[in-house]
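User: I'm new to reading protein structures, and I'd like a close look at one single part of this one. Could you pick a spot with something unusual in its backbone and then walk me outwards from there?

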Amino acid sequence: MSLPAIFDTIRLPVIAAPLFIISHPALVIAQCKAGVVGSFPALNARPQSQLDEWIHQITEELAAWDRDHPDTPAAPFAVNQIVHRSNDRLEDDILTCAKWKVPITITSLGARTELNEAVHGWGGITLHDIIDDRFARKAVEKGADGLIAVATGAGGHAGRWSPFALVQEIRQWFDGPLALSGAIASGGAVLAAQAMGADLAYIGSPFIATDEARAEDDYKQGIVDGGGADIINSNLFTGINGNYLRASIAASGLDPDNLPEAGPEAMNFQSSTGAKAWRDIWGSGQGIGVIDKVVPTADYVARLGREYDAAKARLR
């Protein structure tokens, strides 16, 4: 199945994943100008009124880019909504997105028919992130237009399934838009995702090591210095299994190799040194071994493009 028309302006089949705390307008705008879908979590805009300001800024700057660069228009942007009942901002955030007719909504931690209908009402599409086939079926039943298959190796709240198993099962019954997430950091991996049956690659951790990312310098350098062996999977920090940088766990006063299981306080985790999940204990996927320096977003996307073309050429 071909992608919806919303994706017509992408120059590389990539969605830049919404990064909690880190993604903000400067990063999203740079991603979209470079030709990949940029995104951010609505909850990154604090207070809630700031969400309107952020979307206004993104919309205006991308419109100006399109006027000045008619041959290379910007890719669309997406806003990530946490659908979990703990998100008391969801209704207000949806109303703000409706005001600006946000083109793509990424939903996480729950699927709701009424949310999908609201997005369709203003002409947008929804992509729901899932970790297995059961959740994928539920999302589509409730009206999601597409799926983001989060496989093992992804940063933050990663799935448990091999990307091969996950994509294969979904493609047995679903022919709509499908993005694949999990340790994708090179252009060759983007092409591999398509070869498996995905339409798009969903890339997060490499964008932490970009100039525009709203991350501490030590976090960016941790992505540059790290590799697959530096990623620790644990449910201690949020109650849900996720992947985190070993060095940030050690800096919090914990032993990365002997982490306890999560207790009821996991959603509000704080170490004895005051370290908190996401702010101080840093999420990362397993694919960061190919990231060797902090660069502008445009340079990283250009590198992906060169690698993607080279991978295709090798298969001819």
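Analyst: **A proline in a loop**

Let's start at Pro47, which sits in the loop between strand β2 (38-41) and helix α2 (49-68). Keep in mind that this is a predicted model. What is the form of the peptide bond from Arg46 to Pro47? It is cis, with an omega near 0°. That deserves a second look, because most peptide bonds are trans.

Now walk on into α2, the helix on the far side of that loop. One of its residues is Gln57. Is Gln57 buried, partly exposed or exposed? Its relative accessibility is 34%, so it counts as partly exposed; to be buried, a residue has to come in under 20%. Leaving aside residues up to four places away in sequence, Gln57 touches Pro25 and Ile29. You can also use Gln57 to get a feel for distances: Asp257 is 200 residues away from it in sequence, and their C-alpha atoms are 43 Å apart in space.

Those partners of Gln57, Pro25 and Ile29, take us to helix α1 (25-34). Between strand β1 (14-16) and α1 there is a loop, and Ile21 lies in it. Here is another backbone oddity: Ile21 has a positive phi of about 75°, yet it isn't a glycine. Most residues other than glycine have a negative phi. Ile21 is partly exposed, since its relative accessibility is 29%.

Ala183 has a similar story to tell. Its phi is near 65°, again a positive value in a residue other than glycine. Look for Ala183 in the loop between strand β7 (178-181) and helix α7 (187-196). With a relative accessibility of 36%, Ala183 counts as partly exposed too.

One more loop is worth a stop. Gly123 is in the stretch between helix α4 (113-121) and strand β5 (125-130). Gly123 is exposed, because its relative accessible area is 54% and the cut-off for exposed is over 50%. Measured out from C-alpha to C-alpha, as the model has it, Gly123 and Leu27 are 24 Å apart, with their positions 96 residues apart in sequence.

So far we've been looking at loops and surfaces, so what's inside? Nonpolar side chains in soluble globular proteins tend to be buried together. In this model the largest nonpolar core has 49 residues, and the ones that touch the most other members are Ile170 and Ile203. Helix α10 (residues 297-314) gives the largest share, five residues. Take Ile203 as an example: if you skip residues up to four places away in sequence, its contacts are Val14, Ile15, Ala16, Ala17, Ile184, Val190, Tyr300 and Leu304. Apart from this core lies another one, of 23 residues, and Phe40, Phe77, Cys97 and Val119 are among them.

Helix α10 isn't just core, though. Asp299 belongs to it, and Asp299 is partly exposed at a relative accessible area of 43%. Thr210 is 89 residues from Asp299 along the chain, but their C-alpha atoms are separated by 8.9 Å.

Helix α8 (residues 217-225) has its own buried residues: Tyr219, Lys220, Gly222, Ile223 and Val224. Strand β10 (242-245) is part of what covers them.

Finally, zoom out to the whole chain. How many helices and strands does it have? There are ten of each. Of its 316 residues, 53% are buried. Its radius of gyration is 18 Å, which agrees with the value near 20 Å that a compact globule of 316 residues would have. The C-alpha atoms fill a box of roughly 50 × 50 × 40 Å along the principal axes. Among contacts between residues at least 6 apart in sequence, 63% join residues at least 24 apart. As for the outside, the chain exposes about 13800 Å², and carbon and sulfur atoms supply 50% of that. The chain carries 26 positive and 38 negative charges, and the mean positions of the two sets are 2 Å apart.

Conventions:
Residues numbered from 1 in each chain as written. Predicted model: local features only at pLDDT ≥ 70, side-chain atom pairs only at ≥ 80, totals over all residues. Heavy atoms only, no water. Core = buried A, V, L, I, M, F, W, Y, C linked by side-chain atoms within 4.5 Å. Buried < 20%, exposed > 50% of the residue type's maximum accessible area, 1.4 Å probe, protein only. Helix = DSSP H or I, 4+ residues; strand = E, 2+ residues; numbered from the N terminus. Contact = heavy atoms within 4.5 Å. Rg over C-alpha atoms; globule rule 2.2 N^0.38 Å. Areas by Shrake-Rupley, 256 points an atom, 1.4 Å probe, with all protein chains shown as cover. Lys, Arg positive; Asp, Glu negative; His and termini not counted. Charge placed at Lys NZ, Arg CZ, Asp CG, Glu CD.
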